[in-house]
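Colleague: I should like to request a close look at a single part of this structure, explained for a first-year student.

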Amino acid sequence: MAVERVFLIGFMGSGKSTLGRWLKNALGWSFIDMDEVFEAEYKTTIKQFFADKGEAAFREAERAVLHSLLNEKKAIIATGGGAPCFFDNLEVMNKHGLTIYLKLSVDGIISRISGGKNVRPLVAEKSGDELRQFITEKLIEREPFYTKARVIADAEVLGVEGYVKIIEQAG
Ligand code: S3P
């Protein structure tokens with residue numbers, strides 16, 4: 001059966017949104033950024049939502065956003081970094097599309113996350129050793145979920161053509 005939607009999963013800063021935009025152009029599919037849908041739906045920033053309501057409420061709301069996207073067709077969906085690690089979200093994604101884990105090392109994440117760090121509440125206040133320790137620990141906690149993706153991609157080396165091939169072969 002042809003792939004109708006692709007879920008890009010992986011840690012904050014792993015390049016899900018950037019890759020999603022490239023794939024949109026390469027495949028002529030639509031691109032959906034779950035974080036952007038969240039902010040439009042709840043009319044606030046994720047950072048503000050965390051501050052007002054806390055992480056548990058964020059995870060519930062994030063799950064609702066995921067479920068609202070399951071009928072999208074020919075869509076590349078960049079998911080929030082924590083989304084696959086809560087509830088049955090990963091199983092739901094595996095059932096409704098092709099999941100691709102953009103796997104990066106801790107160093108790779110650190111070098112890519114710095115630009116967008118301030119809008120991400122889990123890391124906004126962290127830098128240096130504290131940031132490294134947080135990413136190292138969170139990655140250990142999250143990898144058992146991420147690695148249940150259908151495809152594990154080496155995001156340090158794989159270019160957009162590589163992802164296009166993976167998606168075409170899966171379909
Ligand atoms: C989060 C990642 C963020 C966003 C929120 C929480 C996480 O998405 O959903 O700040 O728990 O890793 P990105 O991975 O797009 O930064």
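Colleague: How many salt bridges does a search of the whole structure find, and where do their partners lie?

Modeller: The model is predicted, and a search of the whole of it finds six salt bridges. In general, side chains of opposite charge can pair when their charged atoms come close. One such pair is Arg21 with Glu36, whose closest N and O atoms are 3.2 Å apart. Arg21 belongs to helix 1 (residues 16-27) and Glu36 to helix 2 (residues 34-42), so this salt bridge ties together parts that are 15 residues apart in sequence. Arg21 has 38% relative accessibility and counts as partly exposed; Glu36, at 46%, is also partly exposed.

Another salt bridge lies within one helix. Glu55 and Arg59 meet through their side chains at 2.9 Å, N to O. Both residues are in helix 4 (residues 55-68), four residues apart, which is about one turn of the helix. Glu55 is partly exposed, at 30% relative accessibility, whereas Arg59 is buried, at 4%.

Helix 7 offers a further example. There the side chains of Glu141 and Lys138 form a salt bridge of 3.3 Å, N to O. These two residues are three places apart in helix 7, so about one helical turn separates them. Glu141 is partly exposed at 46% relative accessibility, while Lys138 is buried, because its relative accessible area of 17% falls under the 20% limit. Finally, salt bridges with shared partners join Glu55, Arg59 and Glu62 into one network.

Methods. Residues numbered from 1 in each chain as written. Predicted model: local features only at pLDDT ≥ 70, side-chain atom pairs only at ≥ 80, totals over all residues. Heavy atoms only, no water. Salt bridge = Lys/Arg side-chain N within 4 Å of Asp/Glu carboxyl O. Buried < 20%, exposed > 50% of the residue type's maximum accessible area, 1.4 Å probe, protein only.
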